[in-house]
Amino acid sequence: MAAAAWKRFTGHRWLPKAAAAVLAAALAAGFLLVRSERRDARNAEVLETACGGVLPREAVRGLLPGDETWELRDDLDLTGPSGRGPRTLLRCSVGWDEFWGGGYGDLRLAAVPVLDVPLSGVRLKDVLATRNVKEPRWATEHLHATTQVTADCPDGLAGYPRPVTRFRVHASLSADGAEVAGAAEELGDVVAAAADHVRIRGGCGGRVVEPSDVRPPAPGPAEESEEVPPSCRWFRPGMLDGRDPDPDGVTHDEVDACSVRVTRVKPANRLDHSASVASVSWRGGLLPEARTAYGAELAALSRAPEPEGGEKSYTLAVWAESSCSGARTLSRVAVETAGSALAADRADRILDAYLTSSGCRAVKVLGKVWK
């Protein structure tokens with residue numbers, strides 16, 4: 001009976017072909033199902049491993065193509081004391097290559113300490129010279145990222161010779177060599193989660209990093225060359241009856257410096273073309289170095305004689321101690337003018353404006369000295 005049934009089946013015009021097609025479809029479906037299950041398991045394993053497993057699962061799944069297999073291409077987690085001060089605190093890259101079509105892409109994330117450029121000295125010219133020092137690539141990667149956040153670390157990251165009180169987390173999402181449209185906003189949760197991981201593991205203290213803190217990178221040094229440096233934003237040209245300010249400034253963890261030259265609006269004589277102000281504030285470990293570097297000038301405070309006439313320019317330096325943002329601070333403001341009377345008249349007011357803008361309290365003026 002079975003033989004007769006098989007004979008009728010094989011002798012049918014289309015039934016064997018249909019059965020073969022159904023069997024092939026079932027085998028293909030089974031293959032795809034197994035492949036899908038393996039892919040999903042592999043992708044879940046990647047998410048559990050990438051960046052120490054701190055990336056928010058649902059947020060990352062929404063960013064990466066679910067029908068592709070993800071690969072962990074780079075992973076490094078050094079948060080916590082290392083003894084050497086790692087340049088990278090956290091780094092991972094999750095990529096994919098399309099099974100069909102040849103497309104590719106990746107999600108890259110990194111956390112790095114914000115380190116000040118090493119100072120060659122504590123004098124004004126030495127501090128300002130750091131603006132010309134080229135930073136290493138790892139320190140400027142965030143300028144080319146999709147989005148980033150700079151987080152405070154008030155208790156400091158361990159393992160560095162000088163206090164490191166900030167770190168930066170940046171991320172990029174690209175497909176086929178181009179940034180994914182709208183990725184900056186979608187990456188907010190991912191970057192915030194990574195930043196909070198670094199903050200907690202690094203013993204930073206401070207507040208929780210929120211997705212709303214994450215933003216696309218600010219303009220790089222070349223793009224912001226026309227902007228006023230943060231350390232010079234306190235100055236107003238009218239303080240010296242001037243215009244067209246030309247500022248140069250540096251902000252460092254333990255020192256802020258600024259030098260501004262202005263063109264005089266109404267020159268008093270043929271030599272009175274310009275005037276300038278230079279401000280420096282030291283704190284922390286640089287305080288002893290500043291006192292040593294300027295020892296002779298500090299020793300001459302309030303005892304130096306008034307300048308004699310006939311000079312092409314006069315510089316009056318005013319020194320003060322204060323508490324700025326809770327830190328003991330030593331400040332110096334130098335006013336250079338063509339006539340000594342203008343410097344003498346404006347120096348105290350300029351010092352007051354400078355310290356007030358920095359939120360300094362308990363100000364003690366140490367004295368003045370003509371240079």
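Is Cys324 buried or exposed? Keep that question in mind while you open the model, which is a predicted one, and select Cys324 together with Cys360.

**First stop: Cys324 and Cys360**

Cys324 has a relative accessible area of 10%, and because buried means under 20%, this residue counts as buried. Its partner Cys360, at 13%, is buried by the same cut-off. The two cysteines form a disulfide in which the sulfur atoms lie 1.9 Å apart, and since the torsion about the S-S bond is about 105 degrees, this disulfide is right-handed. If you now show the strands, you will find Cys324 in strand 10 (residues 314–324) and Cys360 in strand 12 (residues 360–370), so the bond ties together parts of the chain that are 36 residues apart in sequence.

**Second stop: Cys232 and Cys258**

Select Cys232 and Cys258 next, which are joined by a disulfide with an S to S distance of 2.1 Å. Cys232 sits in the loop between helix 7 and strand 7, whereas Cys258 belongs to strand 8 (residues 255–264), so this pair connects parts that are 26 residues apart in sequence. The link is right-handed, with 120 degrees about the S-S bond. Cys232 is buried, with a relative accessible area of 3%, and Cys258 is buried too, with 1%.

**Third stop: Cys153 and Cys204**

Now move to Cys153 and Cys204, whose sulfur atoms are 2.1 Å apart in another disulfide. Here the torsion about the S-S bond is about -85 degrees, so the disulfide is left-handed. This pair links distant parts of the chain, 51 residues apart, with Cys153 in the loop between strand 4 and strand 5 and Cys204 in the loop between helix 7 and strand 7 (242–251). Cys153 is buried, with a relative accessible area of 0%, and the value for Cys204 is also 0%. A search of the whole structure finds four disulfides, and the three pairs visited so far are among them.

**Fourth stop: the nonpolar cores**

Finally, select Leu109, Phe167 and Val169, which touch the most other members of the largest nonpolar core, a set of 38 residues. Several elements each supply at least two residues of this core, including helix 2 (15–49), strand 3 (104–113) and strand 5 (166–175), while helix 7 gives the most, with six residues. Around Val169, leaving aside neighbours within four places in sequence, look for its contacts, among them Leu109, Thr147, Val149, Val191 and Ala195. Apart from this core lies another, of 25 residues, which you can locate by selecting Phe235, Tyr314, Ala320 and Leu355, all of them among its members.

Technical notes:
Residues numbered from 1 in each chain as written. Predicted model: local features only at pLDDT ≥ 70, side-chain atom pairs only at ≥ 80, totals over all residues. Heavy atoms only, no water. Core = buried A, V, L, I, M, F, W, Y, C linked by side-chain atoms within 4.5 Å. Buried < 20%, exposed > 50% of the residue type's maximum accessible area, 1.4 Å probe, protein only. Helix = DSSP H or I, 4+ residues; strand = E, 2+ residues; numbered from the N terminus. Contact = heavy atoms within 4.5 Å. Disulfide = S-S within 2.5 Å.
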